[in-house]
Amino acid sequence: MPAAPHELDETFRALPLHALADAALARARALGAEHADFRLERVRSALWQLRDARTSATADTTDLGYAVRVVHNGAWGFASGVDLTMDAAARVAGQAVAMARLSAKVAKAAGAGERVELADEPVHRDRTWVSSYEVNPFDVPDAEKTGLLAAPGVAHVDAHLLVAQENKFYADTAGTSTTQQRIRLHPELTAVAVDPATGDFESMRTLAPPVGRGWEYLTGGHDWDGELAALPEHLAGKLRAPSVEPGAYDLVIDPSNLWLTIHESVGHATELDRALGYEAAYAGTSFATPDRLGSLVYGSPLMNVTGDRTVEHGLATVGYDDEGVAAQSWDLVTDGILSGYQLDRRTAKLAGLSRSNGCAFADSPGHVPVQRMANVSLRPAPDGPSTEGLISGVERGIYLVGDRSWSIDMQRYNFQFTQQRAFLIRNGRLAGQLRDVAYQATTTDFWGSLTALGGPQTYVLGGAFNCGKAQPGQLAAVSHGCPAAVFEGVQVLNTTQEAGR
């Protein structure tokens with residue numbers, strides 16, 4: 001029988017979770033580990049992909065295994081396995097300790113004297129947490145899934161649906177033990193329209209964001225039918241649209257576009273391992289260094305950004321992270337000033353803080369936990385206007401909808417973003433679509449130009465399944481909430497002209 005909403009999957013619960021953990025942790029203790037943790041995961045991922053309403057690819061995979069991580073003689077050790085026996089778990093723990101011993105020798109030979117220490121965390125014993133959803137997508141027939149992935153009135157359609165169920169058990173030598181289950185899904189459709197007279201073409205994606213929800217998201221949580229029905233008209237308008245004139249414009253940015261700018265310019269920049277220089281893979285380090293905490297003017301006084309591992313339906317929402325730290329919410333930017341970072345237990349200790357805010361995550365049982373992004377979100381104005389109200393206050397500007405491409409430097413400072421749809425604003429009204437629009441700025445100039453925020457009614461939780469980090473590379477799903485917002489005097493580029501230079 002499938003699991004009822006908010007109930008832990010019985011097949012996972014039936015695994016010898018505690019027995020395996022006890023065997024591994026006991027062996028690590030016996031070998032002198034100062035800290036040890038055990039993590040068993042089952043991650044099921046599925047894909048349904050269609051091309052012009054015909055199935056082009058399907059996949060359904062399950063990754064099941066466990067990992068042991070230790071601190072021994074001030075050094076990290078890590079090993080993983082798939083044999084679900086007590087002897088094997090103890091053997092993997094021994095391999096983790098052996099790795100730590102080797103790491104300690106290498107560090108000593110290199111003259112590195114820094115010992116691994118972890119910030120304290122209260123013990124959370126026998127805790128269970130299940131994400132918020134109603135219908136597990138894996139319980140829905142495939143025919144019902146593919147039936148939603150179609151759009152009439154366009155030349156070509158590519159569609160996919162990604163679904164994941166993540167079960168995780170964690171235990172450590174301090175006494176914490178947690179069991180969790182998360183469901184997430186991402187529907188996406190890209191439509192292509194072709195002008196038969198000129199051969200010109202345009203493409204456009206749906207705006208429905210990925211979410212930590214169940215199948216109910218597609219049957220009532222988002223106006224999927226309405227969005228698909230509107231795509232042909234939007235594409236036809238884009239085919240007729242003039243190319244943008246470069247220059248400075250006031251921008252009204254929809255949450256469907258702004259979430260990605262938050263992710264790249266704030267989310268990655270406030271990961272403390274990047275700010276400390278410990279991490280540079282995929283996204284570089286950060287200009288927002290710890291010496292600027294409390295003084296860096298990140299943006300205008302309207303800018304208030306939080307890190308959050310608790311928000312309902314967030315892709316990075318958990319009960320506990322992969323170091324046994326309880327989920328929390330905290331400030332990253334307060335009234336425009338850098339006020340916090342995203343932490344794991346190691347970076348929290350390095351920064352002299354008493355506790356992590358729960359940002360450790362591994363994307364599989366074969367990977368070591370690393371510091372990963374929380375749900376990083378821009379707060380709306382409590383009494384702010386609607387998107388239409390924001391547009392009405394702009395004389396000459398552009399309204400941007402949907403994310404497309406992006407580029408940002410290795411310190412999260414200089415960036416460029418494009419969109420799915422761009423509308424000229426003239427005297428407070430939309431005056432048709434534009435093509436070839438990109439906006440460019442430095443992070444602090446862009447957020448410093450923030451002059452108005454929409455109200456809670458404009459707030460949307462966007463996000464992505466595929467945030468990359470670390471070596472070997474790992475992927476994490478993360479959400480970013482924000483309202484519609486106005487930015488004054490932002491430089492707009494014409495992407496066709498830029499490409500021709």
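The protein exposes about 20,200 Å² of surface, and carbon and sulfur atoms supply 51% of that area. Accessible areas here come from the Shrake-Rupley method with a 1.4 Å probe, and for residues only the protein chains shown count as cover. Before going further, please note that this is a predicted model: local features need pLDDT of at least 70, side-chain atom pairs count only at pLDDT 80 or more, and totals for chains, interfaces and linings use all residues. Residues are numbered from 1 along each chain as its sequence is written, and side-chain values use heavy atoms, with hydrogens and water left out.

**Overall build**

Buried residues make up 56% of the 501 residues; buried means under 20% relative accessible area, exposed over 50%, and partly exposed in between (1.4 Å probe, protein chains only). Along the principal axes, the C-alpha atoms fill a box of roughly 75 × 55 × 45 Å. The radius of gyration is 24 Å, which agrees with the value near 23 Å for a compact globule of 501 residues. That radius is taken over C-alpha atoms, and the globule rule is 2.2 Å times the number of residues to the power 0.38.

You will find 12 helices and 22 strands in the protein. Both are DSSP runs numbered from the N terminus: helices are H or I with at least four residues, strands E with at least two. Of the contacts with a separation of 6 or more, 75% are between residues 24 or more positions apart, where contact means heavy atoms within 4.5 Å.

On the charge side, there are 42 positive and 59 negative side chains, with the centres of the two sets 5 Å apart. Lys and Arg count as positive and Asp and Glu as negative, while His and the chain ends are not counted. Each charge is placed at NZ of Lys, CZ of Arg, CG of Asp or CD of Glu.

**The nonpolar cores**

A nonpolar core is a set of buried Ala, Val, Leu, Ile, Met, Phe, Trp, Tyr and Cys residues joined through side-chain atoms within 4.5 Å. The largest one has 55 residues, and L258, Y298, I398, F446 and W447 touch the most other members. Helix α7 (residues 255-267) gives the largest share of this core, five residues. Apart from it lies another core of 27 residues, among them A24, V68, A89 and A96. Back in the largest core, I398 has contacts beyond four places in sequence that include V244, Y249, L251, F423 and V492.

**Backbone points worth a look**

Most residues other than glycine have a negative phi, and most peptide bonds are trans. Two aspartates with positive phi are set out here.

| Residue | Phi | Loop between | Relative accessible area |
|---|---|---|---|
| D126 | about 55° | α3 (86-109) and β4 (127-130) | 54%, exposed |
| D335 | near 50° | β10 (329-334) and β11 (337-338) | 48%, partly exposed |

There is also a cis peptide bond between Q471 and P472, with omega about -5°. P472 sits in the loop between β20 (460-469) and β21 (474-482).

**Two more residues**

V140 lies in the loop between β4 and α4 (142-147) and is buried, with a relative accessible area of 8%. Beyond four places in sequence, V140 touches V135, K145 and W215. E10, by contrast, is exposed at 52% and belongs to helix α1 (residues 10-13).
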